[in-house]
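Hi everyone, thanks for making time for this. I'd like to walk you through one model today, so please have the viewer open and follow along.

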Amino acid sequence: MGIDLHAHTTASDGSFTPRELVQHATVRGLGAVAVTDHDTFGGHEEALAAGSELGVEIVPGIELSVKDERGDKSHLLGYYVKRGGALEQQLDFLQAERKARNVVILDKLASLGVPVSMARVEEISRGGVMGRPHIAQALMERGYVQSVQEAFDRFLADGSAAAASKEVLHPAEAIDLIHDGGGVAIWAHPTRPPSKRGAEPVDFEAWEAKLRVWIEWGVDGLEIYYSQYTPAEASWTAQMAGKYGLLGTGGSDFHGVSKPLIELGVTHTGEPVPDSVLAALKARKNR
Ligand code: AMP
Ligand code: ZN
Ligand code: FE
Ligand code: FE
């Protein structure tokens, strides 16, 4: 049937509620979908209920923003982390850091002459963990920009006019927290760090050196399927998984309206992730 192990809901910056995501998975003919919201487990309960009702297997996940000692930022996926543990306790801190950062971003936007109100961004985020895509949508509504991408390019991307930083976990620390909870830690879209924009050429030798460090930190695998990968990135990530005995997972990174070109269940191959990946992922948990 095919699966998708990377998707967002209204628990963070996706536009589909967890239930709508599961309904959409049935329309897309998927047998399983992972809920991997930014810095929250908030979408799990509703997705699990909808999944058992609609016959879609739900993989509980999370996507954490991390930064190493050199300042390099990445996204880290955690699957099957037990609830109520040490990682969940950290989430309060990470969400507080986000809130403080969002206030700074809105202040900067106001001083740049493109004010949006916190109340409106809160409405757009529908009670979920607020992220820059919500702020981008507010900028678009006011007519300051024509697209989410333009909002990032002009105001919100790292290093741009209204950018602001927040404290995040170190990758090694986050991997340990995922493992403490019996979960599986996957380096999300490694060649597409959150600060990178388009598909500029990738220095694969440098990335392999970095991957070796992530392996020392204990990462279990990396995404080898991803909607945004070029053929070169797809073949490199798959090759690395084979070479280092890493789990190769992946998905679309479906968000709904804030990333309108990404469809659930569609990776760089144009197809969903094969079912065999889920069996391999499950075999790794609780180790
Ligand atoms: P946040 O969680 O608030 O840091 O926002 C992260 C979200 O913004 C992720 O979904 C990213 O894919 C998206 N994002 C970050 N940087 C950019 C960028 N330069 N262009 C487009 N989207 C971006
Ligand atoms: Zn997102
Ligand atoms: Fe990501
Ligand atoms: Fe994502």
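**A walk through the fold**

Let's begin at a single residue: Tyr 80 sits in the loop that runs between β4 (73-79) and α3 (86-111). Before I go on, please keep in mind that this is a predicted model. Tyr 80 has a phi near 60 degrees, which is a positive value in a residue that is not glycine. Is this tyrosine buried or exposed? With a relative accessible area of 12%, Tyr 80 is buried, because the cut-off for buried is under 20%.

There is a second residue of this kind. Asp 253 has a phi near 70 degrees, again positive and again in a residue other than glycine. You'll find Asp 253 in the loop between β7 and α10 (276-284). Its relative accessibility is 3%, so Asp 253 counts as buried too.

Now let's zoom out to the whole chain. The protein chain holds ten helices and seven strands. For 287 residues, a compact globule would have a radius of gyration near 19 Å, and the chain comes in at 18 Å, so the two agree. Along the principal axes, the C-alpha atoms fill a box of roughly 50 × 45 × 35 Å. How many of the residues are buried? Of the 287, 54% count as buried. If you like contact statistics, here is one: among contacts with a separation of 6 or more, 74% are between residues 24 or more positions apart.

A word on the surface and the charges. The chain exposes about 12100 Å², with carbon and sulfur atoms supplying 51% of that. There are 28 positive and 39 negative charges, and their mean positions lie 2 Å apart.

Next, the sheet. In general, strands of a sheet pair through backbone hydrogen bonds, either parallel or antiparallel. Here, seven strands form an open sheet in the order β1-β2-β3-β4-β5-β6-β7, with mixed pairing. The edge strands are β1 (3-4) and β7, each of which pairs on one side only.

Starting from the β1 side, look at β2 (residues 32-38) and β3 (residues 57-67), which pair in the parallel sense over seven bridges. If you want a marker for that pairing, Val 33 has Ile 58 in β3 as its bridge partner.

Towards the other edge, β6 (residues 221-226) deserves a stop. Six of its six residues are buried, so β6 is largely enclosed by the rest of the structure. Strand β5 (residues 184-188) pairs with β6 in the parallel sense over two bridges, and β6 pairs with β7 (residues 247-251), also parallel, over five bridges. Which residue lets us trace both pairings? Leu 222 in β6 is the bridge partner of Trp 187, and Leu 222 in turn has Gly 248 in β7 as a bridge partner.

Last stop: a helix. In α5 (residues 132-141), seven of the ten residues are buried, so this helix is largely enclosed by the rest of the structure. The buried residues are Arg 132, Pro 133, His 134, Ile 135, Ala 136, Ala 138 and Leu 139. What covers them? The cover includes α3, α4 (118-125) and α6 (148-156). Just after α5, Gly 143 takes a positive phi of about 80 degrees.

That's my tour. Thanks for listening, and I'm happy to take questions.

Definitions and conventions: Residues numbered from 1 in each chain as written. Chains lettered and ligands numbered in written order. Predicted model: local features only at pLDDT ≥ 70, side-chain atom pairs only at ≥ 80, totals over all residues. Heavy atoms only, no water. Helix = DSSP H or I, 4+ residues; strand = E, 2+ residues; numbered from the N terminus. Rg over C-alpha atoms; globule rule 2.2 N^0.38 Å. Buried < 20%, exposed > 50% of the residue type's maximum accessible area, 1.4 Å probe, protein only. Contact = heavy atoms within 4.5 Å. Areas by Shrake-Rupley, 256 points an atom, 1.4 Å probe, with all protein chains shown as cover. Lys, Arg positive; Asp, Glu negative; His and termini not counted. Charge placed at Lys NZ, Arg CZ, Asp CG, Glu CD. Pairing = 2+ DSSP bridges.
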